Every structure is written in structure tokens, then in C-alpha cells.
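Me: I'm new to this one. Could you take me through the strands and how they pair up, starting from how much of the chain is covered?

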Amino acid sequence: GDTAKILEAIHRLERASAPAQFEMAQSHAAAIGDRLFDLAFQLRARGVEVPSAPGARAAPATPDPELVAIYGGSSTRGYPFPGTWRASYPAVLEALLHARGLGAARVLNLAFDSAVVADIVTAMERDLPRLRPARVVIDAVCNDWLSRSRDYRANLGRALAVARAHGATLTLVKEPMLLAVYGRGDFRFNANEGANYAVLTSFASENGVELVDPAPSRRGCRS
């Protein structure tokens with residue numbers, strides 16, 4: 001079924017030269033679904049077998065201390081950088097961890113376009129029992145604002161409960177506003193979008209959750 005098609009596509013990609021991989025990925029994703037293909041390729045590339053694959057490993061009995069799972073929307077997935085998810089910040093984070101002597105660390109980019117926290121909770125409920133990461137990172141503010149979600153705080157609570165139920169530590173990211181992500185404008189928050197930042201900040205403080213703000217680093221790197 002779908003698993004066989006995904007694995008066949010992945011094997012073709014693995015045999016291709018790097019310049020050809022992106023065009024092949026675009027073609028395969030169009031045929032079997034971008035989210036499903038992207039997730040399967042990321043897992044395969046990092047040695048995590050997709051479900052139902054021949055010889056698939058059983059889920060770890062305890063959280064894997066060397067595995068980080070990152071969820072978010074398009075800016076986490078890698079947009080607007082050309083190429084594949086390898087240009088995304090989770091891939092860069094993995095490279096930095098390796099460079100600092102943590103060679104066994106693996107960072108999974110499990111983001112998907114237009115994701116809101118409610119979608120992420122559904123993905124976590126599916127992914128965490130199988131992957132068992134020790135840390136889960138959620139970088140999601142803008143899409144909840146764009147969709148006018150009224151349950152942002154409640155869905156953050158659901159995400160925290162799912163992470164803790166599977167032994168994972170949750171980290172939240174204060175996602176830079178849209179103009180900052182895409183390299184235009186400044187770092188002033190839209191008033192409505194800023195309301196979600198306030199909810200995120202208070203939720204993290206009240207629940208003892210680590211909150212990371214990448215804005216200072218982005219300001220320092222802007223050209």
C-alpha cells in the first residue's frame with residue numbers, strides 16, 4: 001500500500017545524487033502526499049523505520065535521550081529556503097549538536113505547512129508512542145493567529161499533557177512574527193498576533209515549561 005510506495009520513493013532518493021534529489025522529491029510528494037512523504041523521508045534518513053516497514057524496530061521502552069522532535073508550521077519545515085528540509089533550523093540544530101560533540105543526537109523535523117497547535121497535538125498523539133523522543137519542541141504562534149483559533153491556551157495544555165504522558169520534556173518557541181521570518185519589515189508584533197505571544201509566555205511560566213525566544217539571534221543575523 002502507501003508504505004511500499006513511500007519506501008520505494010525513498011530508496012530512489014537515497015540512490016540519487018544530491019542535485020537531483022529535490023526535483024525527485026517534488027515529483028514523489030505530488031504523487032503520494034507531501035506531508036506523508038516528507039515525514040517518511042526524514043525518519044528514514046535518520047535511521048528510524050516507518051511503521052509496517054519490513055524489519056521495523058519496536059518503539060523504545062523509554063524516551064530516547066538523543067532524540068529531539070520538533071513541530072511547527074512552514075517556517076519550521078524550511079520555508080522560504082530553497083531545496084529541502086535540510087535547510088530548516090531543526091537540521092541546522094542537529095548539525096550544531098554534532099559539532100559540539102553530541103554526535104549521536106538526532107533532530108526530527110516533523111513540521112507541516114499551516115500547522116496550528118491542535119494539529120500538532122494530533123500528530124504528537126500519533127508520533128510519540130512510536131518515536132519516544134526525550135524532548136519535544138513546538139514552534140507555533142502565527143498560524144493560530146491567522147486561523148483565529150480561540151483555543152490556543154487549551155491546546156498548549158493538551159500538547160504538554162501528551163508530551164509528559166510519554167516521558168518527554170516540552171520546549172516552546174516564541175516564533176518570530178511573519179515579517180521577521182520572511183526577512184521583510186521589522187520585529188514589532190501585530191497587535192492580534194502579539195496576544196498569542198502573551199498567552200504563550202504566561203502558559204510557559206505557569207507550567208514550568210522552557211520558552212525560547214529566537215528574536216535576538218535573528219536581529220543579530222539580519223543583513
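Reply: Of the 223 residues in the protein chain, 43% count as buried, meaning under 20% relative accessible area, with exposed being over 50% and partly exposed in between (1.4 Å probe, protein chains only). Keep in mind that this is a predicted model: local features need pLDDT of at least 70, side-chain atom pairs count only at pLDDT 80 or more, and totals for chains, interfaces and linings use all residues. Residues are numbered from 1 along each chain as its sequence is written, and side-chain values use heavy atoms, leaving out hydrogens and water.

The chain has 11 helices and five strands; these are DSSP runs numbered from the N terminus, helices being H or I with at least four residues and strands E with at least two.

Let's start with strand S1, residues 64–72: seven of its nine residues are buried, so the rest of the structure largely encloses it. Strands count as paired if DSSP finds at least two bridges between them. S1 runs parallel to strand S2 (residues 106–109), joined by four bridges, and also pairs with S3 in the parallel sense, over six bridges. Look at Ala-69 in S1: its bridge partner in S2 is Leu-108, while in S3 it is Val-136.

Now follow S3 (residues 133–139) onward, where four bridges join it to S4, again parallel. Here Arg-135 has Thr-169 of S4 as its bridge partner. Strand S4, residues 169–173, is mostly covered too, with four of its five residues buried. Finally, three bridges link S4 to the parallel strand S5 (residues 210–212), and there Thr-171 stands opposite Glu-210.
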